[in-house]
Amino acid sequence: MAANHDAFREVDMEARLTDCRFAVIDLEMTGLDPGRDEIVSLGGVHLDGLSIKADDTFRATVRPEGGLKKASTLVHRITPQQVESMPRLEEVLPDFLEFLDGRFVVGHHVGLDMNFLRRACRKLFGASPANPCLDTLRMAMIHREEAFKADYYDRFDGRVSYALADLAESYGLPRFPEHDALADAMQCAYLFLFLVRKLKDGGIETLRDLFEAGRSWRWYF
């Protein structure tokens, strides 16, 4: 964890995206409350520069201490029987943190995933990871604003879906099964690359460009 914090003590905002390393992640949980719910599965794929490393992935299912809720099983289709023989999160988490080592984290609604991850890390290790994170959901909102000249409130139009699968379909991206941690991470990776190339009419070349393109969305630390 100390090495993780050291890696991001200083971030070179002039670094070109083609030289950056990203880890696109997705977590499946028993619910949406980090204070009460638990992580069930973790998935991720590496991007070196702006290339997906399809052979460099992470996938793990864990056995939550409080068991699985029926409502969550209906979403991610992971059953109590499937997790009976799976390891606890504390056995898997060190490998997942190593997978994130030195990389910017990308996710769809990544704040939720990181809240669960940080809470688990604080509980087990007394500290949380410092990887800066980029949210493809917020990037998609900015892209809509740019593409359709939408005003600020139009991003919250209930008729517009920012669900990962719906965005992938509307942009004609390759499709992956929903609510599978690794498949969702792969879906998010394609969405991220699409949005990077579309924001500011394709003028995103550095971390600073990416940050300034989305001044109204949050750079998570």
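These legends go with a set of close-up views of a predicted model.

**Figure 1. The whole chain, as a setting for the close-ups.**
Before zooming in, it helps to get your bearings. The chain holds nine helices and five strands, and reading along the sequence gives the order α-β-β-β-α-α-α-β-α-β-α-α-α-α. Along the principal axes, the C-alpha atoms fill a box of roughly 50 × 40 × 30 Å. A compact globule of 221 residues would have a radius of gyration near 17 Å, and the 17 Å of this chain agrees with that. Half the story is inside: 50% of the 221 residues count as buried. Among contacts between residues at least 6 apart in sequence, 70% join residues at least 24 apart, so please keep the sequence numbers at hand as you move through the views.**Figure 2. The surface and its charges.**
Turning to the outside, the accessible surface of the chain comes to about 11,100 Å². Carbon and sulfur atoms account for 48% of that surface. The chain carries 28 positive and 36 negative side chains. The centres of these two sets lie 3 Å apart.

**Figure 3. Thr 136 and its neighbours.**
Here we look at Thr 136, a residue of helix α6, which covers residues 136-148. Is Thr 136 buried or exposed? With a relative accessible area of 0%, Thr 136 is buried. Leaving out residues up to four places away in sequence, Thr 136 touches Val 106, Gly 107 and His 108, and also Cys 188, Leu 191, Phe 192 and Leu 195. If you are following along in the structure, Leu 191 and Leu 195 both belong to this list of contacts, and helix α8 spans 181-198.

**Figure 4. Cysteines without a partner.**
A disulfide is a covalent bond between the sulfur atoms of two cysteines. How many disulfides does the chain have? With a cut-off of 2.5 Å between sulfur atoms, the count comes to zero. Cys 20 is in no disulfide, and the nearest cysteine sulfur, that of Cys 133, is 14 Å away. Cys 20 counts as buried, at 5% relative accessibility. For Cys 121, the closest cysteine sulfur is again in Cys 133, at 12 Å, which is too far for a bond. Cys 121 is buried too, with a relative accessible area of 0%.

**Figure 5. Lys 200 and Asp 201, two positive phi angles in one loop.**
This view shows the loop between α8 (181-198) and α9 (207-213), where Lys 200 is found. Asp 201 also has its place in the loop between α8 and α9. Lys 200 has a positive phi of about 50° although it is not a glycine. For Asp 201, likewise not a glycine, phi is positive at about 55°. How exposed are the two residues? Lys 200 counts as partly exposed, at 47% relative accessibility, whereas Asp 201 is exposed, with a relative accessible area of 81%.

**Figure 6. Pro 87, in the loop before α4.**
Pro 87 is found in the loop between α3 (80-83) and α4 (89-99). With a relative accessible area of 26%, Pro 87 is partly exposed. Its contacts, not counting residues up to four places away in sequence, are Thr 61, Val 62, Arg 63 and Val 92. Where does Pro 64 lie relative to Pro 87? The two prolines are 23 residues apart in sequence, and their C-alpha atoms are 8.9 Å apart in space.

**Figure 7. Glu 90 on helix α4.**
Moving on from the loop, we meet Glu 90 in helix α4. Glu 90 is partly exposed, with a relative accessible area of 39%. Ala 120 is 30 residues away from Glu 90 in sequence. From C-alpha to C-alpha, Glu 90 and Ala 120 are 8.5 Å apart in space. Ala 120 falls within the residue range of helix α5, 110-125.

**Figure 8. Phe 125 and the start of the chain.**
Our last stop is Phe 125, which has its place in helix α5 (residues 110-125). Phe 125 is partly exposed, with a relative accessible area of 39%. Which residues does Phe 125 contact, leaving aside its neighbours within four places in sequence? They are Met 1, Leu 93, Pro 94 and Leu 97. Asn 4 is 121 residues from Phe 125 in sequence, while the C-alpha atoms of Phe 125 and Asn 4 are 12 Å apart in space.

Methods: Residues numbered from 1 in each chain as written. Predicted model: local features only at pLDDT ≥ 70, side-chain atom pairs only at ≥ 80, totals over all residues. Heavy atoms only, no water. Helix = DSSP H or I, 4+ residues; strand = E, 2+ residues; numbered from the N terminus. Rg over C-alpha atoms; globule rule 2.2 N^0.38 Å. Buried < 20%, exposed > 50% of the residue type's maximum accessible area, 1.4 Å probe, protein only. Contact = heavy atoms within 4.5 Å. Areas by Shrake-Rupley, 256 points an atom, 1.4 Å probe, with all protein chains shown as cover. Lys, Arg positive; Asp, Glu negative; His and termini not counted. Charge placed at Lys NZ, Arg CZ, Asp CG, Glu CD.
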